[in-house]
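Let's walk through this structure together, going from its strands and helices to its charged side chains. Keep the viewer open as you read.

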Amino acid sequence: MERLKRLWTAFSRYRSGKGFGVHSPFAFNFILKVLEERCPYYAYPDIEEKRKTAEELCPQGVLTRKEARLVFRVVNHFNPEKILQAGSGCGVSAVSALSVSAHSTMWLCNPSGDATAYHLLKEYSDRINFYKSAKACFNDYQADKPFVVVNSVCEDEYPLVSAFIKRTVQRDCVIIICNIVREPSSRRLWKETVNAMTAGMSFTNGKIGVIVGHGKLPLMHYSFWL
């Protein structure tokens with residue numbers, strides 16, 4: 001069903017991705033200069049090398065090259081010092097996020113204890129706080145403007161994660177939700193979070209979604225191509 005929906009919306013996503021029909025200056029620039037940016041970045045080769053390593057160790061659940069680069073570009077655009085990530089995603093999204101700045105720190109909730117993620121993130125270990133419990137991770141993470149990446153959510157943790165995300169989206173924040181097609185929990189979380197928004201903008205291609213929460217931004221929802 002989700003694949004059919006993506007096919008049905010392909011033309012509108014393509015048009016939006018080129019800026020057609022996007023009247024908000026912020027949304028126009030964000031789509032063209034961040035989400036749809038095609039220029040190479042300095043970190044892409046290293047991210048791809050680690051992504052291929054992850055594919056060898058963890059054949060399922062690894063972000064695609066385009067998605068990993070998208071995570072990097074969004075983090076690069078906002079350049080947060082404190083990043084919270086739920087679910088390891090085999091470590092690829094964390095590598096993408098931490099490759100932006102040597103001064104950033106991550107709070108990583110990884111209840112599955114993914115060995116691939118720990119292997120990939122070894123060189124970043126001094127910048128990552130690892131947690132087995134989402135509750136402990138959320139309690140310790142304090143940021144004026146939260147920056148959150150969600151890869152996956154186990155069923156036991158879902159109510160807690162959902163409540164945290166719904167509170168966060170009411171603030172000035174950035175939320176990236178990956179694996180919307182592959183993970184039913186991520187798909188459900190994306191829909192619930194978008195419905196909980198009262199201001200700000202959401203952007204999705206049906207596979208990955210980005211929410212920019214800001215009280216001065218009108219409530220708008222956009223599709224992009226990627």
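**The sheet and what packs on it**

Strands β5 (residues 173-177) and β7 (residues 209-213) run antiparallel and are joined by five bridges. One bridge to pick out is that of V174, whose partner in β7 is V212. Strands here are DSSP E runs of at least two residues, helices are H or I runs of at least four, and both are numbered from the N terminus; two strands pair if DSSP finds at least two bridges between them.

Before going further, please note that this is a predicted model, in which local features need pLDDT of at least 70 and side-chain atom pairs count only at pLDDT 80 or more, while totals for chains, interfaces and linings use all residues. Residues are numbered from 1 along each chain as its sequence is written, and side-chain values use heavy atoms, with hydrogens and water left out.

Now step back to the whole sheet. It is open, has eight strands with mixed pairing, and follows the order β3-β2-β1-β4-β5-β7-β6-β8. β3 and β8 (220-223) are at the edges with a single partner strand each, so one side of each has no neighbour in the sheet. On average, neighbouring strands of this sheet are turned by 15 degrees against each other, direction ignored.

Helix α5 (residues 65-78) packs on the sheet and touches β1 (82-86), β4 (147-150), β5 and β7. The direction of α5 makes about 175 degrees with that of β5. Helix α9 (residues 158-168) lies across β1, β4 and β5, and runs at about 145 degrees to β4. For these angles, axes are lines fitted to C-alpha atoms (for helices, over the stretch in contact), and the values run from 0 to 180 degrees between N-to-C directions. Contact means heavy atoms within 4.5 Å.

**Charged side chains**

How many salt bridges does the structure hold? There are nine, each defined as a side-chain nitrogen of Lys or Arg within 4 Å of a carboxyl oxygen of Asp or Glu. In one of them, E123 meets K50 with the closest N and O atoms 3.1 Å apart. E123 belongs to the loop between α7 and β3 and K50 to helix α4 (residues 44-57), so this pair ties together parts that are 73 residues apart in sequence. E123 is exposed at 54% relative accessibility, whereas K50 is buried at 11%. Buried means under 20% relative accessible area, exposed over 50%, and partly exposed in between (1.4 Å probe, protein chains only).

Another salt bridge joins E67 and R182 at 3.7 Å, N to O. With E67 in helix α5 and R182 in the loop between β5 and α10 (184-196), the pair ties together parts that are 115 residues apart in sequence. E67 is buried at 5% relative accessibility, while R182 is partly exposed at 40%. Elsewhere, E48, R51, E55 and R65 are joined into one network by salt bridges that share partners.

**A buried arginine**

Finally, look at R127, in the loop between α7 (115-120) and β3 (128-131). R127 is buried yet has no salt bridge, and the nearest side chain of opposite charge, D126, is 5.5 Å away. In this count Lys and Arg are positive and Asp and Glu negative, with His and the chain ends not counted. Which residues does R127 contact, leaving aside its neighbours within four places in sequence? They are L98, S101, A102, S104, T105 and M106.
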